[in-house]
Amino acid sequence: MKFMARQAYDANDNLRVRNESDHKLGTDEVHVYNVLWWIPESMGGMTTAALRRIRSFQSFGKTLSQTILTFSPRMDTDEIRDGLISSGRMRDDVDLVNIWQDLRNRSDHELSQLAGEQPRSPIPDVDGEIENITSFYDAVRDARSGKIIRRHYYREDGSLLVADIRDPKLGRRFILHSLDGTPMTEWRRPRDFYNSWIKSVVNKEPAVVIVDDKKVSEFIHEISNRNFALVLFLHGTHLRHPWNGDHGQVLPRRVETVRNFDRFDVVGVQTRQQANAVRAIGFTDDNIRLLTGELPAGSVLTQAPKERPINKAVMIANLIELKRVDHPIRAVAKLRDRGVDVFLTILGEGPERDRLERLVDALDVRDRVELAGYVNDVPDRLKSASFSMLTSTSEGLPLSMMESMGAGCIPIVYDITYGPRDLIEQGRNGFITPMSDVEALADQIEEFLSLSADSVSVMRSSAMDTVENYLPEAGYRRWKSVIEELPVAQVYDDLIQSSGSPVAVKRATCESLSEGCRIELEFADLRRDVRENVEMVVSARDVNTFFVCGGSLTSTGRLGRRHAVSFDVDFESFSEAMGETFDVYLRMPRSPWESKRRIRLPKGFRAMRTGQWEWYSTKYGNLSVRPVKSA
């Protein structure tokens with residue numbers, strides 16, 4: 001395995017330690033590919049952030065080219081591109097490429113460049129009800145179950161391009177067809193088909209591929225022997241319950257991505273809190289970088305308007321359960337009961353509207369709470385408000401809060417994971433209140449309303465100064481720094497062994513440490529290069545929680561015949577899954593998650609207890625760890 005030299009990076013203090021490398025990519029000498037699943041008509045925060053980054057790269061840098069790669073078969077690429085350009089969201093020198101449109105326009109020779117398997121025979125006949133999704137895309141449903149059992153993707157002349165078949169005998173099959181209808185190539189998983197296309201279309205060098213989309217990040221890391229640098233940008237939390245701590249369950253839609261974090265050359269996070277949560281998994285953290293979304297240009301005022309009622313509040317949020325819009329409404333009602341008048345305007349729309357309307361009526365606060373829906377004058381409304389609120393269960397980096405700070409609104413928000421702690425200094429430019437505590441939220445608002453006009457004015461200026469660091473040029477400088485240090489990477493899959501069988505150990509011992517334990521494994525037969533780099537993975541059996549422990553070559557023993565590696569386990573890593581059983585594996589750094597191997601214990605192994613955990617041999621003779629049963 002060969003990599004270009006990389007830099008160690010501490011996302012907490014922005015320190016960099018540069019190593020000598022053969023070559024570094026620069027922002028003005030690289031082709032940038034931005035990966036999204038699609039671009040919907042009603043764009044969310046992730047798509048908006050990606051388009052802002054693309055514009056910043058063009059405004060402040062001179063990249064060789066920029067391309068957006070998309071995968072949805074429902075996209076009319078030309079129409080979307082024209083709309084983005086006419087609305088000023090994208091310049092006309094950015095290429096927008098969709099996999100289906102691209103393949104429809106390829107010759108048989110160009111299609112043959114997609115690496116796959118030889119098609120297998122036979123291919124089942126169509127048997128089901130055909131549903132036309134678009135003019136180029138059909139779905140076939142089973143007449144009895146109603147489930148989709150087949151999808152057909154067509155060229156403009158109506159000929160079959162790709163058949164996605166759930167073969168009852170051979171399983172899932174993606175079959176690419178030539179112009180005359182002959183099967184050319186086959187893939188057994190959709191991700192293999194998508195990755196083959198990515199490798200064929202990222203054909204300019206040097207190249208950087210930036211992945212924003214969750215779906216794509218789940219499979220693009222599997223590309224081996226690539227000739228481009230791969231950057232993952234996390235727009236939201238990767239944990240299911242981030243407020244519980246750094247060692248919780250991974251979101252189901254993020255599992256494959258998180259398990260393979262070290263397959264990316266860079267994992268971009270938006271906050272220091274999330275950087276710490278990524279570190280807690282245990283991967284070597286030299287690929288973590290602090291990157292952020294951007295505010296629109298001109299969204300930070302040079303001077304806050306002084307004429308604004310101090311008791312006028314605003315909240316920008318989709319009306320969904322995650323945002324907990326009912327909490328600010330309840331806080332307003334509590335303040336009313338104390339004789340404190342606060343007027344709240346909520347900007348946003350969503351499925352929770354009816355419930356929130358009923359709550360407003362039930363609390364009798366219709367005269368002081370407005371559910372304004374989507375509006376086109378958000379900047380003006382922010383300028384006329386005094387403070388803003390945010391009460392979500394979780395966030396990535398809340399742009400709505402940053403936009404309000406840029407307009408001189410004082411943020412009064414919950415201690416949300418993630419975001420507020422990176423931006424707010426308590427009492428200087430805003431206020432952070434205990435998570436989920438409506439009473440504390442009301443108390444903080446009342447305290448803010450009691451401040452002098454001069455104190456509030458100073459806070460407004462401080463809030464605006466803080467978010468200037470998130471304007472486009474500042475955001476570009478962060479990306480520029482990362483791209484300039486990217487390696488020109490060739491990724492090879494370095495495996496512990498070619499077979500999938502467990503790795504045998506001659507001896508396993510456990511030593512108690514002050515806050516954990518040290519597991520030492522003496523291997524029967526393991527190459528030295530593997531012993532020097534191997535990691536131990538401890539993965540919960542029934543929930544998506546795992547952590548990685550780096551190894552240390554402890555001793556070769558007399559005559560060099562004893563090959564032992566020790567792994568230090570911090571019990572804090574179990575803290576969010578105390579009742580779970582964990583299985584133990586070995587894995588090489590940056591290798592695919594599926595390449596990890598169980599650890600086969602010697603016969604007669606006796607369970608080892610450390611603290612509240614027992615390391616034991618399963619019925620198959622493999623190493624696992626479980627909580628000690630109470631007496």
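# Exercises on a predicted model

T302 is found in the loop between β15 (288–290) and β16 (312–316). The structure is a predicted model. The exercises begin with this loop.

## Exercise 1: Two loop residues

Task: Decide whether T302 and Q303 are buried or exposed.

Solution.
- Step 1. Take the cut-off: a residue counts as exposed over 50% relative accessible area.
- Step 2. T302 has a relative accessible area of 84%, so T302 is exposed.
- Step 3. Q303 also lies in the loop between β15 and β16. Its relative accessibility is 58%, so Q303 is exposed.
- Step 4. Now add distances. T302 and H327 are 25 residues apart in sequence, and their C-alpha atoms are 32 Å apart in space. Q303 and S499 are 196 residues apart along the chain, with 66 Å between their C-alpha atoms.

## Exercise 2: Two strand residues

Task: Find where S65 and N34 lie, and state whether each is buried or exposed.

Solution.
- Step 1. S65 belongs to strand β4 (residues 65–70). N34 belongs to strand β3 (residues 31–35).
- Step 2. Buried means under 20% relative accessible area. S65 has 13%, so S65 is buried. N34 has 1%, so N34 is buried.
- Step 3. List the contacts, leaving out residues up to four places away in sequence. S65 touches V30, H31, V32 and K204. N34 touches R53, I54, Q66, T67, I68, L69 and I210.
- Step 4. Look further off. N34 and V369 are 335 residues apart along the chain, and their C-alpha atoms are separated by 41 Å.

## Exercise 3: An aromatic pair

Task: Classify the ring pair of F57 and W479, and place both residues in the chain.

Solution.
- Step 1. A search of the whole structure gives 27 aromatic pairs. F57 and W479 form one aromatic pair, with 6.1 Å centre to centre and 65° between the planes.
- Step 2. Planes over 60 degrees apart count as edge-to-face. The pair of F57 and W479 is therefore edge-to-face.
- Step 3. F57 is in helix α1 (residues 45–60) and W479 is in helix α16 (residues 472–484). The two residues are 422 apart, and the pair links distant parts of the chain.
- Step 4. Both F57 and W479 are buried.
- Step 5. W479 has a charge over its ring too: the charged end of R53 sits 5.1 Å from the ring centre. Elsewhere, the charged end of R626 sits over the ring of Y616, 3.6 Å from its centre.

## Exercise 4: The nonpolar cores

Task: Name the residues with the most contacts inside the largest nonpolar core.

Solution.
- Step 1. The largest nonpolar core has 53 residues. F193, W197 and I220 have the most contacts inside it.
- Step 2. Helix α5 (residues 190–201) gives the largest share of this core, five residues.
- Step 3. A second, separate core has 52 residues, including V365, L423, I445 and M464.
- Step 4. Go back to W197. Beyond residues up to four places away in sequence, W197 touches several others, among them L69, F71, V97, I99, L103 and L114.
- Step 5. W197 and F193 also belong to one aromatic cluster, which includes W37, W100, Y137 and F219.
- Step 6. Put this beside a general tendency: in soluble globular proteins, nonpolar side chains tend to be buried together.

## Exercise 5: Unusual backbone

Task: Say which peptide bonds before P122 and P206 are cis, and which phi is positive at N225 and S436.

Solution.
- Step 1. Recall the background: most residues other than glycine have a negative phi, and most peptide bonds are trans.
- Step 2. The bond joining S121 and P122 is cis, with omega about -5°. P122 is in the loop between α4 (108–111) and β6 (129–134).
- Step 3. The bond from E205 to P206 is cis, with omega near -5°. P206 is in the loop between α5 and β12 (207–211).
- Step 4. N225 is not a glycine, yet has a positive phi of about 50°. N225 is in the loop between α6 (214–217) and β13 (229–233).
- Step 5. S436 is not a glycine either, and has a positive phi of about 70°. S436 is in the loop between β21 (431–433) and α14 (438–449).

## Exercise 6: The whole chain

Task: Compare the radius of gyration of the chain with that of a compact globule.

Solution.
- Step 1. For 631 residues, a compact globule would have a radius of gyration near 25 Å.
- Step 2. The chain has 28 Å, which agrees.
- Step 3. Buried residues make up 55% of the 631 residues.

Definitions and conventions
Residues are numbered from 1 along each chain as its sequence is written. This is a predicted model: local features need pLDDT of at least 70, side-chain atom pairs count only at pLDDT 80 or more; totals for chains, interfaces and linings use all residues. Side-chain values use heavy atoms; hydrogens and water are left out. Rings of Phe, Tyr and Trp (its six-membered ring) pair if their centres lie within 6.5 Å; planes under 30 degrees apart count as stacked, over 60 as edge-to-face and the rest as tilted. Helices (H or I, at least four residues) and strands (E, at least two) are DSSP runs, numbered from the N terminus. Buried means under 20% relative accessible area, exposed over 50%, partly exposed in between (1.4 Å probe, protein chains only). A charge sits over a ring if NZ of Lys or CZ of Arg is within 6 Å of the ring centre and within 35 degrees of the ring normal. The radius of gyration is taken over C-alpha atoms; the globule rule is 2.2 Å times the number of residues to the power 0.38. Contact means heavy atoms within 4.5 Å. A nonpolar core is a set of buried Ala, Val, Leu, Ile, Met, Phe, Trp, Tyr and Cys residues joined through side-chain atoms within 4.5 Å.
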